[in-house]
Amino acid sequence: MIIGNKILNRIRFCWGKSLFALAIFLLSALSLNAQKSTDFGGILQLEYQNNFIRNFDVWVKEDLRFDNNFTDYSRSKTTLGLDYKFVRYGIKVGAGLDFINKYTGKHIYRNRCRFFANASYKYVYQNWEFSYRTRFLMMSHDESTGYYNNKLHYYWRNRLQVSYQQRNSRYKYSLSGELYSDFNKDNQLILSTLMFEGDVEYRLTRRQYLSVFMRDYRDVYVESDQIRTLFLGIGWRFKH
């Protein structure tokens with residue numbers, strides 16, 4: 001029985017690695033066939049998370065993004081968030097604030113604030129983890145100039161994710177897909193962007209984690225379905 005369980009766990013581990021490798025292969029193949037409208041970029045992330053009270057987590061995250069084949073600064077995003085976990089039910093609720101500095105062209109940088117609230121559910125089955133997150137966002141926006149400082153706009157995002165981690169392994173593999181939607185001037189919900197991500201996380205120490213990921217952003221309702229941005233990212237996270 002012990003030998004059978006070891007073989008079964010090995011099969012699941014190899015299957016998880018195969019799924020992730022297949023996803024990376026598909027993303028790479030798609031990028032080779034992409035037209036000139038495809039852009040490539042990079043993302044650097046730093047995150048600190050603190051469980052300061054039972055079931056409460058406060059976290060700070062810094063996100064730097066570069067576009068145009070990794071050559072141009074695109075934006076920085078500093079996030080402060082607070083989450084509460086209903087551990088028994090696998091549910092987590094939270095809220096936070098994004099401070100974004102964005103390059104808009106012609107040596108002009110614009111600052112904007114974005115508020116968000118979210119809820120998520122996680123289900124664990126053996127070495128697999130399935131999760132769903134829904135998030136509502138609010139940001140001010142001036143339609144007449146394109147600057148984010150007047151009129152309030154609302155957004156809604158939904159993400160599905162599956163992760164695999166073998167027991168006692170330092171590696172965790174994840175695949176996710178997310179829908180970006182916004183409300184237009186008639187308060188109609190419009191799907192604007194699709195995002196796919198493949199991620200490998202490695203536990204450096206008991207509190208430190210290093211991740212490498214690839215994101216594929218695809219615009220919706222544009223003239224060409226090849227208008228997309230591929231990001232290669234590196235992240236470091238510290239849990240206290």
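This report describes the fold, nonpolar clusters and salt bridges of a predicted model.

## Overall architecture

The protein contains one helix and eleven strands. Read from the N terminus, the order of elements is α-β-β-β-β-β-β-β-β-β-β-β. Of the 240 residues, 37% are buried. Among contacts between residues at least 6 apart in sequence, 43% join residues at least 24 apart.

The exposed surface of the protein amounts to about 15100 Å², of which carbon and sulfur atoms supply 59%.

## The β4-β5 hairpin

Strands β4 (residues 91-105) and β5 (residues 108-125) run antiparallel and are joined by 14 bridges. One pairing involves asparagine 101, whose bridge partner in β5 is asparagine 111. Two residues lie between the strands of this hairpin, and lysine 106 adopts a positive phi near 55 degrees.

Threonine 104 also belongs to strand β4. With a relative accessibility of 43%, threonine 104 is classed as partly exposed. Its C-alpha atom lies 9.2 Å from that of arginine 75, although the two residues are 29 residues apart along the chain.

## Nonpolar cores

The largest nonpolar core has six residues: Ile43, Tyr180, Met195, Phe213, Tyr217 and Phe231. Within this group, phenylalanine 213 touches residues from several parts of the sequence; leaving aside neighbours within four places, its contacts include Ile43, Gln45, Glu197, Gly198, Phe231 and Ile234. A second, separate core comprises five residues, among them Trp59, Phe116, Leu137 and Tyr155.

Glycine 198, a contact of phenylalanine 213, has its C-alpha atom 7.8 Å from that of tyrosine 173, with 25 residues separating the pair in sequence. Tyrosine 173 is located in strand β8 (residues 171-183). Its relative accessible area is 12%, so it falls under the 20% limit for a buried residue.

## A nonpolar surface patch

On the surface, Leu44, Leu46, Phe70, Leu204, Leu210, Val212, Leu232, Ile234 and Trp236 form a nonpolar patch with about 790 Å² of accessible area together. Strands β1 (38-53), β10 (208-219) and β11 (228-239) each contribute at least two residues, and β11 gives the most, with three.

Phenylalanine 70, another member of the patch, is placed in the loop between β2 (56-67) and β3 (72-86). At a relative accessible area of 48%, phenylalanine 70 is partly exposed.

## Salt bridges

Seven salt bridges are present in the structure. Aspartate 57 pairs with lysine 85, with the closest N and O atoms 3.3 Å apart. Because aspartate 57 lies in strand β2 and lysine 85 in strand β3, the pair ties together parts that are 28 residues apart in sequence. Aspartate 57 is buried at 6% relative accessibility, whereas lysine 85 is partly exposed at 31%.

Glutamate 178 forms a salt bridge with arginine 133, the closest N and O atoms being separated by 3.2 Å. This pair links distant parts of the chain, with glutamate 178 in strand β8 and arginine 133 in strand β6 (residues 128-141), 45 residues apart. Glutamate 178 is buried, with 5% relative accessibility, and arginine 133 is buried as well, at 16%. A further salt bridge connects arginine 215 to glutamate 197, with the closest N and O atoms 2.7 Å apart. Here arginine 215 is in strand β10 and glutamate 197 in strand β9 (residues 189-203), 18 residues apart. Both arginine 215 and glutamate 197 are buried.

Definitions and conventions:
Residues numbered from 1 in each chain as written. Predicted model: local features only at pLDDT ≥ 70, side-chain atom pairs only at ≥ 80, totals over all residues. Heavy atoms only, no water. Pairing = 2+ DSSP bridges. Helix = DSSP H or I, 4+ residues; strand = E, 2+ residues; numbered from the N terminus. Core = buried A, V, L, I, M, F, W, Y, C linked by side-chain atoms within 4.5 Å. Buried < 20%, exposed > 50% of the residue type's maximum accessible area, 1.4 Å probe, protein only. Contact = heavy atoms within 4.5 Å. Patch = residues over 30% accessible without salt bridge, like charges linked within 9 Å, V, L, I, M, F, W, Y side chains within 5 Å. Areas by Shrake-Rupley, 256 points an atom, 1.4 Å probe, with all protein chains shown as cover. Salt bridge = Lys/Arg side-chain N within 4 Å of Asp/Glu carboxyl O.
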